[in-house]
Amino acid sequence: MNVKLRINILLNRFVEFIKYDHNQFKYPLVVACHFLILLLQKSNHHNLAFKVTSNVYRTGWAGSDKLGLKIAKYYFNEHPELGQKISSAFVNGLPPMENTKKFFSQPEEMLDGIITVLKNPTENEKGALIINYSYYFPLFLRFFDIEKIAKYFNVILEPSWAGYCEENILAFTLVDAPIFLQVYEKRDKRFIDKLQSNIIPIEVGPSWFINHKNFVPPVKGNRDIDVLMVAAWANFKRHGAFFKAIKPLVESRPDLAITLVGYPVDMDKEQILELAALNDIEKNIEIFEWITPQEVSALQKRAKLNVLWSKFEGNNRAIIEGMFCGTPVIMRKGHNYGEQYDFINSLTGYFADEINFKETYEKVIARYDEMDPNSYVMQNRNCIVGTEKMSEAIASYEKEQGRQWTKGLDVKVNDLHGMAYLNGNSSDYEESYTQLKKFVRNAG
């Protein structure tokens with residue numbers, strides 16, 4: 001018995017229960033947090049007051065959306081001078097991290113990959129650029145003159161996490177220009193709409209921009225992996241809960257083949273295998289670490305089912321990659337804010353929980369020949385359709401302002417470490433990238 005592991009499981013389960021379970025009954029917690037926020041405001045601890053607000057909003061507890069909107073309006077609509085102080089302290093207080101430290105000395109290195117031009121500006125028409133990953137948004141504000149950039153480019157933000165009542169996003173409400181924001185949760189869409197700021201929501205998200213050329217169905221239908229889970233070795237991915245859910249299926253099918261793909265975050269693969277051993281399924285598991293997208297695609301083509309078992313994260317790409325490979329999905333019921341996503345349907349997969357996973361798996365297998373995830377995503381949810389949605393939103397705004405919009409956006413895709421162009425390369429945008437370098441703060 002691994003006592004330390006079991007204690008960690010209990011602690012994680014307790015935290016998960018507080019954060020995500022039975023949220024409809026947690027209005028008293030929201031009231032208590034509101035009282036705390038008011039106390040912090042009265043004592044001029046506005047940064048902390050907003051931080052508490054942001055964390056409460058993200059939980060999805062009953063009433064947390066209304067509280068988030070109320071406090072966000074207070075700071076970013078009614079008292080923008082306080083919002084500016086909060087934003088400035090957040091943006092300027094960000095420390096260099098392992099994946100961001102090089103940009104503190106060379107901000108221009110963010111161009112063409114993190115800050116990506118999707119349309120060149122002309123004399124008569126504004127261009128467009130997109131910023132990928134939430135933790136780069138404040139670096140853009142810190143190191144680039146966004147007011148000058150906005151004269152030539154429409155700016156699009158692509159957040160990497162749900163829950164938009166946060167400094168990363170709301171700092172942009174203080175910019176004197178329109179900001180286009182990808183929004184993939186209806187709850188966040190309502191929040192942005194009711195905020196009535198300069199932020200214009202577009203109902204797409206990161207998982208729309210997968211390079212479908214790299215994820216295609218197999219030529220033959222020989223699928224020897226029964227269940228595939230592509231998820232980092234991280235507590236929020238809930239491997240332990242997934243193993244508990246799949247254990248009854250393993251007991252009924254002792255030869256069930258389970259494949260895990262991931263990389264270390266706050267856990268390692270040895271801990272993942274220990275969790276599997278606690279549920280007596282370690283012999284059924286094959287594990288891959290730090291493999292390439294091409295290798296992930298090869299595994300997706302071999303899988304009968306793809307699983308997402310987190311309760312909260314961003315706009316997961318692994319399940320959509322699987323759909324491009326023709327692989328149905330089972331998504332954890334209640335994921336993020338419990339939205340009934342339209343991309344989980346009779347063609348693509350089901351929702352399930354720890355109690356009914358076995359039953360749901362058997363339903364997928366029974367209907368396997370009727371399902372067609374690839375056709376669904378190729379018609380409804382891919383980088384081309386997502387780009388069209390972004391182009392339409394910007395075109396509508398530009399025309400309302402009496403400006404021209406005669407050329408749409410280029411199609412970009414999300415690679416493992418940034419963005420790239422679906423067709424061609426960045427040479428078409430050299431002039432734009434040169435122009436953007438001039439807007440680096442304190443540039444010579």
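**Exercise 1. Locate aspartate 280 and describe its backbone and its exposure.**

Solution. Aspartate 280 lies in the loop between helix 12 and strand 8 (285–289). The model under study is a predicted one. The next step concerns the backbone: the phi of aspartate 280 is near 60 degrees, a positive value in a residue other than glycine. The last step concerns exposure. Aspartate 280 has 57% relative accessibility and therefore counts as exposed, because the class of exposed residues begins over 50%.

**Exercise 2. Carry out the backbone analysis for tyrosine 133.**

Solution. Begin with the position: tyrosine 133 belongs to the loop between strand 2 (127–132) and helix 7 (137–143). Then consider the torsion angle. Although tyrosine 133 is not a glycine, its phi is positive, at about 80 degrees.

**Exercise 3. Describe the second largest pocket: its volume, its lining and the elements that supply that lining.**

Solution. Step one is the volume, which is about 850 Å³ for the second largest pocket. Step two is the lining. The second largest pocket is lined by 30 residues, and those nearest its centre are Asn12, Arg13, Glu16, Asn235 and Arg238. Step three assigns the lining to elements: helix 1 (3–20), helix 3 (46–59), helix 11 (239–252) and helix 12 (269–278) each give two or more residues. Helix 1 supplies the largest share, 10 residues. Step four sorts the lining of the second largest pocket by character, giving 12 nonpolar, 8 polar and 10 charged residues.

**Exercise 4. Which residue forms a salt bridge with arginine 238, and which parts of the chain does the pair link?**

Solution. The structure holds 23 salt bridges. In one of the 23 salt bridges, the partner of arginine 238 is glutamate 16, and the closest N and O atoms are 2.6 Å apart. The pair links distant parts of the chain: arginine 238 sits in the loop between strand 6 (227–230) and helix 11, while glutamate 16 sits in helix 1, 222 residues apart. As for exposure, both arginine 238 and glutamate 16 are buried. Both residues were also named among those nearest the centre of the second largest pocket.

**Exercise 5. Describe the exposure of the partners in two further salt bridges, and then name the members of a salt-bridge network.**

Solution. Take lysine 101 first: this residue forms a salt bridge with glutamate 98, with 3.5 Å between the closest N and O atoms. Lysine 101 has 44% relative accessibility and so counts as partly exposed. Glutamate 98, at 67% relative accessibility, counts as exposed.

Now take arginine 403, which forms a salt bridge with glutamate 398; the closest N and O atoms are 2.9 Å apart. Arginine 403 is partly exposed, with a relative accessible area of 32%. Glutamate 398 has 0% relative accessibility and therefore counts as buried. Turning to the network, salt bridges that share partners join Arg13, Glu16, Asp21, Arg238, Lys311, Arg332 and Glu354 into one network.

**Exercise 6. Identify the members of a nonpolar surface patch and classify valine 15.**

Solution. The patch on the surface consists of Phe14, Val15, Phe17 and Ile18, which together have about 350 Å² of accessible area. Valine 15 is located in helix 1. Its class follows from its accessibility: at 42%, valine 15 counts as partly exposed, because this class covers values between the limits of 20% and 50%.

**Exercise 7. For leucine 195, aspartate 255 and histidine 22, state the position, the exposure and one C-alpha separation.**

Solution. Each residue is treated in turn.

- Leucine 195 is placed in helix 10 (residues 186–195). With a relative accessible area of 0%, leucine 195 is buried. Leucine 195 and tryptophan 208 are 13 residues apart in sequence, and their C-alpha atoms are 25 Å apart in space.
- Aspartate 255 is placed in the loop between helix 11 and strand 7 (258–262). At 67% relative accessibility, aspartate 255 counts as exposed. Its C-alpha atom is separated by 20 Å from that of glycine 240, the two residues being 15 residues apart along the chain.
- Histidine 22 is placed in the loop between helix 1 and helix 2 (27–42). Its relative accessible area is 47%, so histidine 22 is partly exposed. Between histidine 22 and alanine 49, which are 27 residues apart in sequence, the C-alpha to C-alpha distance is 25 Å.

Key: Residues are numbered from 1 along each chain as its sequence is written. This is a predicted model: local features need pLDDT of at least 70, side-chain atom pairs count only at pLDDT 80 or more; totals for chains, interfaces and linings use all residues. Side-chain values use heavy atoms; hydrogens and water are left out. On a 1 Å grid over the protein atoms alone, a cavity is a set of points where a 1.4 Å probe fits but cannot get out, and a pocket is an open set with protein on both sides within 12 Å along at least five of seven lines; lining residues have an atom within 4 Å of a point. Grid points are joined across faces, edges and corners, and a volume is the space filled by probe spheres set on the points. Helices (H or I, at least four residues) and strands (E, at least two) are DSSP runs, numbered from the N terminus. Ala, Val, Leu, Ile, Met, Phe, Trp, Tyr, Cys and Pro count as nonpolar, Asp, Glu, Lys and Arg as charged, and the others, Gly among them, as polar. Patches are made of residues with over 30% relative accessible area and no salt bridge: like charges are joined within 9 Å, nonpolar side chains (Val, Leu, Ile, Met, Phe, Trp, Tyr) within 5 Å. Accessible areas come from the Shrake-Rupley method with a 1.4 Å probe; for residues, only the protein chains shown count as cover. A salt bridge is a side-chain nitrogen of Lys or Arg within 4 Å of a carboxyl oxygen of Asp or Glu. Buried means under 20% relative accessible area, exposed over 50%, partly exposed in between (1.4 Å probe, protein chains only).
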